[in-house]
Amino acid sequence: MAKVEVFIPSSIRKDKNVSKVQIEALSLRELIEELHKNNIVERERLLDEKGEIKRLINIYVNGKIERNLDVKLNDGDEVSFIPIVAGG
């Protein structure tokens, strides 16, 4: 298991007082499940009904956008979930 640091903006997390957490996970898919199980983020805020990353959510792993939920995570990785701001 890789221990990763996760940044979650207040707009998508349940606990508005916690912006960073450390979670152990092997992949982004597993990371999202752990965040959901630990009552940090509702899965539905990040994934669509097909289980894919929502179109208006960007996930960054070590500063690079990642859309593959099965990408391997390593110890010390930094993961950020960033909602895309849209509108006029």
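Okay, so one cut-off before we start: when I say buried, I mean under 20% relative accessible area, and partly exposed runs from there up to 50%. Keep in mind that this is a predicted model.

Let's begin with Ser27. Buried or exposed, then? Ser27 comes out at 12% relative accessibility, so it counts as buried. You'll find Ser27 in the loop between β2, residues 20-25, and α1, residues 28-37. Its side chain reaches over to the backbone nitrogen of Glu30, at 3.2 Å. And if we leave out residues up to four places away in sequence, Ser27 touches Leu69, Asp70, Val71 and Leu73.

Now on to the helix itself. Which residues of α1 are buried? Leu28, Leu31, Ile32 and Leu35 are. Those residues cover an arc of only 100 degrees around the axis, so they sit on the same side of α1. Here's the background for that: an α-helix has 3.6 residues a turn, so residues three or four places apart point the same way. And what do the buried residues of α1 pack against? The list is β1 (2-7), β2, α2 (43-46), β3 (57-61) and β5.

That brings me to Phe81, which is in β5, residues 78-83. Phe81 has 0% relative accessibility, so this one counts as buried too. Again skipping residues up to four places away in sequence, Phe81 has a good list of contacts, including Leu31, Ile32 and Leu35, which are among the buried residues of α1 we just went through. Phe81 also touches Val6, Phe7, Ile8, Pro9 and Ile12, and then Leu46, Asn58 and Ile59. Take Phe7 from that list: Phe7 and Phe81 are 74 residues apart along the chain, yet their C-alpha atoms are separated by 6.5 Å.

Last topic, two asparagines and their backbone angles. Asn39 comes just after α1 and has a positive phi of about 60 degrees. Asn39 is in the loop between α1 and α2. The other one is Asn62, with phi near 55 degrees, again a positive value in a residue other than glycine. Where is Asn62? In the loop between β3 and β4, with β4 being residues 64-65. As for accessibility, Asn39 is at 46%, so it counts as partly exposed. Asn62 is partly exposed as well, with a relative accessible area of 46%.

To recap on burial: Ser27 counts as buried, Phe81 does too, while Asn39 and Asn62 are partly exposed. That's it from me.

Technical notes:
Residues numbered from 1 in each chain as written. Predicted model: local features only at pLDDT ≥ 70, side-chain atom pairs only at ≥ 80, totals over all residues. Heavy atoms only, no water. Helix = DSSP H or I, 4+ residues; strand = E, 2+ residues; numbered from the N terminus. Buried < 20%, exposed > 50% of the residue type's maximum accessible area, 1.4 Å probe, protein only. Polar contact = N/O pair within 3.5 Å; in protein donor to acceptor, adjacent residues only side chain to side chain. Contact = heavy atoms within 4.5 Å. Arc of directions from axis to C-beta.
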